Amino acid sequence: YGKDSLPEGNLKKADQMQSGERETLLVTTEQVKPLYLRGFTGANFQNDQWQPFTKAVYGGERWGFLDWISKQAFDVNAQNAAYQAVNEENLDQLPENHITINNKGANRKYIYTVYSADTPKGVKMKSVRDHGYRSSALFGNWVYSYSERSADLPGELSQLSSWVYEPQNDQQKEYLQGESVYRDFVYDQYLQIPETLQPVLNDLFSSIEERDAKIEGIYKVTQEIRSVMEKRFYYRKELETREHTDLLSHFLEGNIYGNSAYYASAGVLTFRKFGIPARYAEGYYLGANQIAASKNGTVSLKESDAHAWTEIYMDGMGWIPVDFTPGFYYNTYALLRMA
């Protein structure tokens with residue numbers, strides 16, 4: 001399947017994740033907007049490493065619920081696409097975009113998709129529960145395509161459409177039934193925080209109350225978290241080799257520099273602290289400026305374009321990317337103008 005510089009959620013291997021000039025992905029897109037090309041997702045954090053949930057988490061009384069959802073309502077790994085497909089209010093406002101991925105040097109076991117992607121067609125792959133797609137081809141997948149619909153807005157500005165509160169047809173009712181089942185699972189499992197990190201998180205974000213976070217919403221909470229991070233954390237794209245243990249603790253305490261993997265990890269645990277389900281995501285970032293400067297929307301991504309970000313579960317619409325890494329999000333003034 002090949003190998004690349006991505007640490008797959010391991011902070012001890014994140015020191016070189018954004019260095020190197022070797023080509024990884026050749027991406028073609030029809031629209032100019034930032035794209036977060038997700039490969040790995042992590043849900044459980046232990047010993048400075050994010051890992052997907054084990055199969056046991058999906059068992060017990062919930063055994064088979066993901067299969068039920070996929071047959072009744074939507075593919076859990078393409079939930080936002082299903083939300084947009086039955087969202088009649090936005091179909092005209094969000095034209096369909098087609099993306100083609102040519103894997104030149106990234107890990108070919110992953111199918112790199114954006115959060116709003118439909119299920120890739122004609123690809124030898126399998127779903128790994130709700131952690132994305134993996135190749136089932138002998139040597140991995142080299143080229144594949146998919147469609148998507150999304151606005152050129154930061155994830156924290158996402159707004160639910162009115163039909164979610166008053167569904168108008170059977171398709172919308174079916175989607176909402178499946179979403180409610182998956183949402184129950186998400187709120188049960190994606191709020192876990194290691195006990196060892198609770199004290200430092202409480203100290204860092206004591207100015208934000210959980211009650212206020214639920215009232216003020218995702219946008220306000222995201223801005224508050226970024227404000228604290230800008231004052232207390234130290235960013236460096238390329239890190240030195242780490243010999244410490246409890247790396248995230250050292251980063252949260254302001255003792256070491258961190259790159260996107262550290263900021264994404266801090267973002268996940270902070271959202272969880274305020275009762276907002278979140279997970280760690282890793283892959284490649286394609287900026288709008290790179291697309292605008294390209295010929296025919298085709299951009300060659302390199303190892304230096306590797307990136308990690310936070311994904312939060314937005315009730316009704318699924319997992320949405322939110323970035324905390326300095327230089328990868330809009331400032332407060334720009335966000336206010338967008339809002």
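Okay, let's start with one residue, proline 120, which sits in the loop between β5 (97-103) and β6 (125-127). Quick reminder before I go on: this is a predicted model. So, is proline 120 buried or exposed? At 4% relative accessibility, proline 120 counts as buried, because the cut-off for buried is under 20%. Its partner in my notes is serine 135: the two are 15 residues apart in sequence, and their C-alpha atoms are 11 Å apart in space.

Staying with loops for a moment, have a look at arginine 129. You'll find arginine 129 in the loop between β6 and β7 (133-135). Its phi is near 50°, a positive value in a residue other than glycine. For background, most residues other than glycine have a negative phi. Arginine 129 has a relative accessible area of 27%, so we call it partly exposed.

Aspartate 246 is another one to look at. Here phi is near 55°, again positive in a residue that is not glycine. Aspartate 246 belongs to the loop between α6 (218-232) and α7 (247-252). With a relative accessible area of 49%, aspartate 246 is partly exposed.

One more loop residue: asparagine 169. Which elements flank its loop? They are β8 (143-148) and α3 (170-189). Asparagine 169 is buried, at a relative accessible area of 18%. What does its side chain reach? The backbone nitrogen of glutamine 172, at 2.8 Å.

Let's move into a helix. Valine 268 has its place in helix α8 (residues 260-273), and with a relative accessible area of 0% it is buried. Along the chain, valine 268 and alanine 278 are 10 residues apart, while 5.2 Å separates their C-alpha atoms.

Now for the rings. How many aromatic pairs does a search of the whole structure find? It finds 31. Let me pick out one of them, tyrosine 83 with tyrosine 175: this pair is tilted, 6.2 Å centre to centre and with 50° between the planes. Why pick that pair? Tyrosine 83 lies in helix α2 (residues 79-85) and tyrosine 175 in helix α3, so the pair ties together parts that are 92 residues apart in sequence. Both tyrosine 83 and tyrosine 175 are buried.

There is also an aromatic cluster to click through on the screen. Its members are Phe53, Tyr58, Phe65, Tyr182, Phe185, Tyr190, Tyr313 and Trp319. Keep Trp319 in mind, please, as that name comes back when we get to the cavities.

Some rings have an arginine over them, too. Arginine 108 lies over the face of tryptophan 142, at 4.0 Å from the ring centre. Then there's arginine 226, over the face of tyrosine 329, where the distance to the ring centre is 4.2 Å.

Right, on to the empty spaces. The structure holds two cavities of 30 Å³ or more. The largest cavity has a volume of about 70 Å³. Who lines it? Arg38, Val76, Asn77, Ala78, Gln79, Asn80, Tyr115, Asp130, Arg279 and Trp319. Sorted by class, that lining has four nonpolar, three polar and three charged residues.

The second largest cavity contains about 40 Å³ of space. Its lining is made of Arg38, Gly39, Thr41, Ile111, Thr113, His131, Gly132 and Tyr133. And yes, Arg38 is on the list for the largest cavity and on the list for the second largest one. Which element gives the largest share of the lining of the second largest cavity? Strand β2 (residues 35-42), with three residues. By class, the lining of this second largest cavity divides into two nonpolar, five polar and one charged.

Last stop, the largest pocket. Its volume is about 400 Å³. The largest pocket is lined by 24 residues, and the closest to its centre are Pro34, Tyr36, Leu153, Pro154 and Gly155. Which elements give two or more residues to that lining? They are β2 and β12 (318-322). So β2 turns up at the largest pocket as well as at the second largest cavity. As for classes, the lining of the largest pocket has 14 nonpolar, four polar and six charged residues.

That's my tour, thanks for listening.

Note on methods
Residues are numbered from 1 along each chain as its sequence is written. This is a predicted model: local features need pLDDT of at least 70, side-chain atom pairs count only at pLDDT 80 or more; totals for chains, interfaces and linings use all residues. Side-chain values use heavy atoms; hydrogens and water are left out. Helices (H or I, at least four residues) and strands (E, at least two) are DSSP runs, numbered from the N terminus. Buried means under 20% relative accessible area, exposed over 50%, partly exposed in between (1.4 Å probe, protein chains only). A polar contact is a pair of N or O atoms within 3.5 Å; within protein, one must be able to donate a hydrogen and the other to accept it, and residues adjacent in sequence count only if both atoms are side-chain atoms. On a 1 Å grid over the protein atoms alone, a cavity is a set of points where a 1.4 Å probe fits but cannot get out, and a pocket is an open set with protein on both sides within 12 Å along at least five of seven lines; lining residues have an atom within 4 Å of a point. Grid points are joined across faces, edges and corners, and a volume is the space filled by probe spheres set on the points. Ala, Val, Leu, Ile, Met, Phe, Trp, Tyr, Cys and Pro count as nonpolar, Asp, Glu, Lys and Arg as charged, and the others, Gly among them, as polar. Rings of Phe, Tyr and Trp (its six-membered ring) pair if their centres lie within 6.5 Å; planes under 30 degrees apart count as stacked, over 60 as edge-to-face and the rest as tilted. A charge sits over a ring if NZ of Lys or CZ of Arg is within 6 Å of the ring centre and within 35 degrees of the ring normal.
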